[in-house]
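Student: I have a structure open and would like to learn how to read it. Could you walk me through it, one feature at a time?

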Amino acid sequence: MPKSLSPRLAALRDEIHGYAKEFGLDFFDTVFEMVSYDEMNMVAAYGGFPTRYPHWRWGMEYEQLAKGYEYGLSKIYELVINNDPCYAYLMESNPEVDQKLVMAHVYGHCDFFKNNFSFRHTNRRMIDDMANHATRVRRWVDKIGVEKVEDFIDRTLSLENLIDQHAPHIRRNPDPQRAEEEAKSNERVEGFKVNREYMRGFINPSEFMDSQRKRAEDEKQQRKRFPERPQRDVLYFLLEHAPLEPWEVDILSILRDEAYYFAPQGQTKIMNEGWASYWHSTIMTRRALKDDEIIDYADHHSGTMGVRPGAINPYKLGIELWRDIEDRWNKGKFGKEWDECDDLRARQAWDKKLGAGREKIFEVRKHYNDITFIDTFLTAEFAQQQKLFVYGFNDKRNSWEILDREFRKVKNKLLTSLTNFGQPIIEVVDGNYENRSELLLAHKHDGQDLKGDYARETLRNLQSLWRRPVNIITRYDGKGTLLRYDGQHHSEKKVEL
Amino acid sequence: MTLKIHQDHSRFKQIVRGKIKANLRKYVQKGEMLGKKGKDAISIPIPFIDIPRFKYGHKEQGGVGQGDGEVGQQLGPGAVEPGDGHQAGQGEGDHALEVDVTLEELAQILGEELQLPRIERRQNERIVTQKVKYTGVNTTGPESLRHFKRTFKQALKRQIATGTYDPKMPVIIPTREDRRYRSYKLQELPETNAVIIYMMDVSGSMGDEQKEIVRIESFWLDTWLKHQYKGLESRYIIHDAVAREVDRDTFFHTRESGGTMISSAYKLCRDIIQADYPKSAWNIYPFHFSDGDNWSADDTRQCIEMLRNDILPQVNQFAYGQVESPYGSGQFIKDLREAVGDTNNVALSEIADKDAIYASIKDFLGKGR
C-alpha cells in the first residue's frame, strides 16, 4: 500500500515546501504518499480517500479510470484531500519534474482549503470519518444483507444533490414579519372596538365572538404548515420525517454528511484549480525548474491548460482569471477612474504602478466562491481575450453551435451554470400534501426544464423512502406541471402556478 | 497485491453481468450486437446503470465554451462533453450507458446462461505463436514506428540547449540523433488450435432472413469457441450446385439462384481438412447451414457417405443447422437424423426463426465437444 517518499523525493518536497512558504502560502501539514497507478485509480475512484463505504459505483469509476489510463486517454496527476493534515498522492512512475509540479500544485490546494471561507465549516477529520462511515455501512451489510443496503444507497444517492448548499453559513432567525401577523390575528379575536361598555353585547354578541375565535384558530392551524417554510435540505427533511428503519436513518445521515463535505469543492472548482495552477506555475518557473526540465514541464502544463471548444476548463479559466486580477491590481486597473475611461489607448497603456496584485489575490482567495469570483472579476476585456462564448444545441442541424459572444450573455450563462452546481433548486414545500401525508416538492424553475425520464426515476426512489405518494411541481414548456408517483403509477397533470 | 476496491469493482461487474444476462435472449435474437463489435470487446447498452437525479437536460441547457469561431459556427463532434457542465469535486458525472464487455466475458455469460459445458479438447498440443508487445522507446528503429512527439520534443530540447531555437520563428527540425522509435519485444504465447469450417447453402431458396439467422448464430458460435481456443481459425464455404471457398464477407452476402448439391460442400470441406488441418494438431468444427433442400436423394446419400467415412472421424463435432424457409422441403435434416443422428459427434438443430437461435446455440454447443 502507499509508501512514504524516497529520500530524494523527500528532499524535493522540502525544497518545494520552502518555496511555497516563501511566497506566503499558508497550509495545514501536508502528507505526501507514493502510490502505484493502480492505487492512484483506486483512491481517485473513492473521491480521494483511501477508504469509503462499499458500493459498486466506486468500482465503475475505477474501471473507467483504469481504462482511460490504459488507452492513454487520461492520467491522474494530483489528488489532495481537504483534511488536517492534508493528504496528497504522488504516482510512482512519474518523472521527477512531474512530481515537483504536483507538489507545488498540491500546496496551492492546501492553502486554499485552509483559507477559503467556503471550507470553514468542513470536517477536517474527514479521513477518519470516511473510515468510520465505511465501518458503519459494513456493519449494516453484515446485519441486513448487501443487496438491501446497496439498494438503499442507490436510492439515496439519487437524492444526494437535494441539500442546502449554503446551510452551514445561514443562521435562520425567527421571521419578524410573521410574528407581527400572528400578534395581529390574536388581537382580532377581541372583536370590534367598543366605546360604551353597555353596547358590547350588541356590537360583539357572543355567537359572533365564538365564530371569530374559531376562524382565527382555523387560520392559525392552516398557517402551521409542515414544513413551516420551504426546506431546501430535502435529505434532512427525510431524515426527520420519513418512516425509516434505524439502519436507513444511519446510512442516510452518512450520505448527507458526505454530500455536505464535498459541496464547497463544487462551489470553488474554478477558483481552487486556478489557484493551484497559478502556484505550480509560479513556483516552478521562478524557483524549482532546472534547465533540462523546462520542456517536460511545459508539455505537462500546457496539457493541463488545454481547452475544448464546448467546455470550460476550470484550470485554464481559473489561472487566467487569477493572473488578470493580479495584473489589474498591479496596474491600478480598477475603480471609478478606470471604469469611466473609454479611451482604448489609455486603457491599454494604463499602469499606476500600484503593485497591489499579490496582496489582492490573497484576499480574494479568502472571501469568494466561484459565483462571486466570476461575478466580480470577469470583465468584458477578459471574456474577449479568453474567447468565451455561449453555445447551445441546434435541433434543426442536430449539432452544437456557437450562439453568442456578447459579454453579458456569456457571463450570465456562466453564472447560471454555477448556481447550485448548475443543478435545479428543489425544496420540500409540504409534508402533508392534500392532508394525506403525501410529499410535495417544488422546483424553482429558472428557464430550464427538468430532464423528464430522470425526474420520474428519481420520484420513484423518493417514494420508496417516503413510502407515501410523492409529487413535484415544476414547469414544462412554460406550463405548471405536477408530476406524481404513488408507488405504482406515474402521472402528470397541469396545474396553476 | 489486492486493492480494497476490487470488491466494489467485482460488484460492479456482477451488476453489469446480471443486466446482460437478464437481457441475453434479447441480445441473441436481435443480433444488434454484431454492429458494435470492436477488436475484442463489444459495447452493450445497459439500461439505468447510472443513478437518476433531478437535473436539467444538457441539450436544453447549453453552456459556455472557449475558442475561436463565428457565431453560428458548429462545434465539432466530441467538442461538447455530455452531462453536467460543472461538477462537484467527486469526479462524478454522467455515465455512459454503454458498457464495454470483452468477448471473453460475453462468452462466459453465454456459457452460464445456456449452461454450456466446457469443451473437451481433443487435441492439447501447444502450438506456440508470437505476439508483439510495445515496451518502450528507442533511438533506432523502422520509420513506421517513429514516435513523433518524442522526436520533436528531443529536437526542441537540443535546439534550446544549443541556442538555435528562436521563439519568434518556432521551427523545429529534428536531426537523425533526435529521432525516437517505439520498440517492441516478441512474446511467445502457447495456443491450442482449432478451426471452424462454415458451410452455407446460398441457392435461391435461402433468403436474406435465413442468412441473417446464420450470421447471428455464427457470431455466437465464434464467440464461444474463441473463448475455448485461443488460436481459432475460420474458413467459409458457400455452395449451390457447386461449392467454393470464400472470405467471411462474401460468405454472408452471396446469393445464387442455382440448384443445391450439398455434397459439393462436404467434398470441399473434406479436402480442406485433409490439406490443412491434420487431426493430430487441430480441433475441427464444421458447421453447415441450409434450408434442408437437396438436389436428389442420391446426392444426400453421397453426403452421408462422406460424413461417415471422411469427415466425422476427423472432427470434434459436425453440426448441421436447418433454417426454415418457405421454399425448402426440410427433408435433409430428417435424412441426417436417420443416418447419423445417434452418432456421438453430430449435432442437429432446426431453426424456425430468430427467436429460435437461442435454443439452437444450445443444441450446437450443449454437448461440450
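Student: Let's take salt bridges. Which residue does Glu427(A) form a salt bridge with?

Tutor: The general idea is that side chains of opposite charge can pair when their charged atoms come close. Keep in mind that this is a predicted model. Here Glu427(A) pairs with Lys444(A), and their closest N and O atoms are 3.7 Å apart. The two partners come from distant parts of the chain, 17 residues apart: Glu427(A) belongs to strand S6 (residues 426-433) of chain A, and Lys444(A) to the loop between strand S7 (438-443) and helix H21 (452-466).

Student: Are Glu427(A) and Lys444(A) buried or exposed?

Tutor: Buried means under 20% relative accessible area, and partly exposed runs from there up to 50%. Glu427(A) has a relative accessible area of 11%, so it is buried. Lys444(A) has 46%, so it counts as partly exposed.

Student: What does UniProt place at residues 424-473 of chain A?

Tutor: An unreviewed UniProt entry places the feature "domain: SpoVR-like C-terminal" there. In the model, that span is 30% helix and 36% strand, and its end C-alpha atoms lie 12 Å apart.

Student: Back to charges. How many salt bridges are there over all chains?

Tutor: The count comes to 50. Take Arg365(A) and Asp111(A), whose side chains meet at 2.7 Å, N to O. This pair also links distant parts of the chain, with Arg365(A) in helix H17 (residues 357-367) and Asp111(A) in helix H4 (residues 96-115), 254 residues apart. Arg365(A) is at 5% relative accessibility, so it counts as buried. Asp111(A) is at 0%, so it is buried as well.

Student: Where does the salt bridge between Arg11(B) and Glu150(A) sit?

Tutor: Look between the chains. Arg11(B) and Glu150(A) meet in a salt bridge of 2.7 Å, N to O. The pair crosses from helix H1 (residues 5-30) of chain B, which holds Arg11(B), to helix H6 (residues 146-157) of chain A, which holds Glu150(A). With 15% relative accessibility, Arg11(B) counts as buried, and Glu150(A), with 7%, is buried too. For a network, select Asp296(A), Asp299(A), Lys149(B), Lys153(B) and Lys157(B), which are linked by salt bridges.

Student: Now a single side chain. Which residues does His300(A) touch, not counting those up to four places away in sequence?

Tutor: A useful habit is to place the residue, check its accessibility and then list its neighbours. His300(A) is in helix H13 (residues 294-304) of chain A, and at 9% relative accessibility it counts as buried. Beyond its sequence neighbours, His300(A) touches Tyr77(A), Asp98(A) and Leu101(A).

Student: Could you do the same in chain B? Which residues is Gln210(B) in contact with, leaving aside neighbours within four places?

Tutor: Gln210(B) is in helix H5 (residues 208-228) of chain B, and its relative accessibility of 9% makes it buried. Its contacts are Ser205(B), Val323(B), Glu324(B), Ser325(B) and Pro326(B). With Glu324(B) there is a polar detail: the side chain of Gln210(B) reaches the backbone oxygen of Glu324(B) at 2.9 Å.

Student: And which side chain does His227(B) join in a polar contact?

Tutor: That partner is Glu104(B), at 3.0 Å, side chain to side chain. His227(B) lies in helix H5 and, at 10% relative accessibility, counts as buried. Setting aside residues up to four places away, His227(B) touches Glu104(B), Ala107(B), Gln108(B) and Arg118(B).

Student: How many helices and strands are in chain B?

Tutor: Chain B has 10 helices and 11 strands. Of its 369 residues, 48% count as buried. Among its contacts between residues at least 6 apart in sequence, 80% join residues at least 24 apart. Chain B exposes about 18,000 Å², and carbon and sulfur atoms supply 48% of that area.

Student: Last one: which residues form a nonpolar patch on the surface?

Tutor: Highlight Phe192(A), Tyr198(A), Met199(A), Phe202(A) and Ile203(A), which together have about 580 Å² of accessible area. Ile203(A) lies in helix H8 (residues 200-203) of chain A, and its relative accessible area of 32% makes it partly exposed.

Key. Residues are numbered from 1 along each chain as its sequence is written. Chains are lettered from A and ligands numbered from 1 in the order in which they are written. This is a predicted model: local features need pLDDT of at least 70, side-chain atom pairs count only at pLDDT 80 or more; totals for chains, interfaces and linings use all residues. Side-chain values use heavy atoms; hydrogens and water are left out. UniProt positions are given in the numbering used here, feature names are shortened, and annotations may be inferred rather than shown by experiment. Helices (H or I, at least four residues) and strands (E, at least two) are DSSP runs, numbered from the N terminus. Patches are made of residues with over 30% relative accessible area and no salt bridge: like charges are joined within 9 Å, nonpolar side chains (Val, Leu, Ile, Met, Phe, Trp, Tyr) within 5 Å. Accessible areas come from the Shrake-Rupley method with a 1.4 Å probe; for residues, only the protein chains shown count as cover. A salt bridge is a side-chain nitrogen of Lys or Arg within 4 Å of a carboxyl oxygen of Asp or Glu. Buried means under 20% relative accessible area, exposed over 50%, partly exposed in between (1.4 Å probe, protein chains only). Contact means heavy atoms within 4.5 Å. A polar contact is a pair of N or O atoms within 3.5 Å; within protein, one must be able to donate a hydrogen and the other to accept it, and residues adjacent in sequence count only if both atoms are side-chain atoms.
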